[in-house]
Amino acid sequence: MNKRLLAFYALIAVSIIGLTFFVENYPISNFDLRMTQEIQEQRGWDPTLLMKFISSFGNDVVAAVSIIIASLFFYLTSRRREACFIFAVLLADLLNTLIKLLIHRPRPTLADAKVLLSFTETGFPSGHVVHYVVFFGFLLAVMIVDKTISLSWRIVVGGLSSFLILTVSLSRIYLGAHWATDVIGGYLFGFAYLGIILNDYHHRKVSGTSLGVTAILA
């Protein structure tokens with residue numbers, strides 16, 4: 001692992017620790033309240049349906065079906081390595097759930113925001129954001145590096161993946177499912193995990209060996 005990658009992980013780790021300390025000491029901060037108010041403010045049109053559509057890819061059933069479809073696509077097109085790596089998303093989702101239980105940060109309530117979707121589990125970090133960054137981030141990476149996939153597929157899958165990664169944060173805040181710091185934590189954790197997967201994916205591609213978090217899946 002080169003120095004730049006180590007520096008990246010060190011920065012991410014420090015950021016996660018700092019943000020965790022912040023949300024534990026300020027469960028409802030002025031920053032989160034202001035961000036929620038700004039994003040939920042109506043501007044002449046109602047984006048609720050769009051925001052719900054964006055978030056739908058992180059719902060349990062849709063997420064599971066998406067993983068299976070992506071894995072089958074890679075497997076049936078003789079990309080078995082990619083098919084295995086897709087299932088590494090499940091470990092990210094599991095780790096995120098464990099972190100939620102440890103941090104136990106409450107979600108927004110009707111006293112502080114408009115809540116269009118309600119959940120019983122705690123909010124930090126955002127599971128949707130983590131899932132989107134890892135799952136769609138890996139799909140995007142494959143679409144970028146694998147030139148043997150048809151250009152039309154690469155554009156459609158890559159474009160949709162980029163769109164969902166960028167907009168899921170707005171969706172979760174707008175729907176009242178998360179605070180801004182929840183989605184920031186989701187991005188930090190998601191990109192850290194994605195970095196590990198992509199580093200492992202690159203080394204497996206070069207050496208043909210099984211490494212890191214995906215070794216058990218190969």
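## A tour of the pockets, core and aromatic rings

Begin with the second largest pocket, in which about 380 Å³ of space lies; bear in mind throughout that this is a predicted model. Select Ile69, Ala70, Leu139, Trp153 and Val157, which are the closest to the centre of this pocket among the 16 residues that line it. Then colour helices α4, α7 and α8 (151-174), each of which supplies at least two residues of the lining, with α4 giving the most, 6 residues. If you colour the lining of the second largest pocket by class, you will find 14 nonpolar residues, 2 polar ones and no charged ones.

Move next to the largest pocket, whose volume is about 540 Å³. Its lining has 22 residues, and those to select for the centre are Gly58, Asp60, Thr97, Glu121 and Gly127, the closest to it. Helices α4 (60-76), α6 (89-103) and α7 (127-145) each supply at least two residues of this lining, and the largest share, 6 residues, comes from α6. Coloured by class, the lining of the largest pocket shows 6 nonpolar, 10 polar and 6 charged residues.

Now turn to the largest nonpolar core, which has 40 residues, and select Ile86, Phe135, Phe136, Phe138 and Leu139, the members that touch the most others. At least two residues of this core come from each of α3 (48-56), α4, α5 (80-86), α6, α7, α8 and α9 (180-207), and the largest share, 11 residues, belongs to α7. Centre the view on phenylalanine 136: apart from neighbours within four places in sequence, this residue is in contact with Phe57, His131, Ser161, Leu164 and Ile165. A second, separate core has 7 residues, among them Leu19, Val23, Ile103 and Leu188.

Finish with the aromatic rings, of which the structure holds 12 pairs. Phenylalanine 53 and phenylalanine 57 form an edge-to-face pair, with 5.3 Å from centre to centre and 85 degrees between the planes. Phenylalanine 53 counts as partly exposed, at 42% relative accessibility, whereas phenylalanine 57 is buried, with a relative accessible area of 17%. For another pair, select phenylalanine 138 and tyrosine 201: their ring centres are 5.3 Å apart and their planes at 85 degrees, so this pair is edge-to-face. This pair links distant parts of the chain, since phenylalanine 138 is in helix α7 and tyrosine 201 in helix α9, 63 residues apart. Phenylalanine 138 and tyrosine 201 are both buried. As a last selection, show Phe53, Phe57, Tyr132, Phe135 and Phe136, which form one aromatic cluster.

Methods:
Residues are numbered from 1 along each chain as its sequence is written. This is a predicted model: local features need pLDDT of at least 70, side-chain atom pairs count only at pLDDT 80 or more; totals for chains, interfaces and linings use all residues. Side-chain values use heavy atoms; hydrogens and water are left out. On a 1 Å grid over the protein atoms alone, a cavity is a set of points where a 1.4 Å probe fits but cannot get out, and a pocket is an open set with protein on both sides within 12 Å along at least five of seven lines; lining residues have an atom within 4 Å of a point. Grid points are joined across faces, edges and corners, and a volume is the space filled by probe spheres set on the points. Helices (H or I, at least four residues) and strands (E, at least two) are DSSP runs, numbered from the N terminus. Ala, Val, Leu, Ile, Met, Phe, Trp, Tyr, Cys and Pro count as nonpolar, Asp, Glu, Lys and Arg as charged, and the others, Gly among them, as polar. A nonpolar core is a set of buried Ala, Val, Leu, Ile, Met, Phe, Trp, Tyr and Cys residues joined through side-chain atoms within 4.5 Å. Buried means under 20% relative accessible area, exposed over 50%, partly exposed in between (1.4 Å probe, protein chains only). Contact means heavy atoms within 4.5 Å. Rings of Phe, Tyr and Trp (its six-membered ring) pair if their centres lie within 6.5 Å; planes under 30 degrees apart count as stacked, over 60 as edge-to-face and the rest as tilted.
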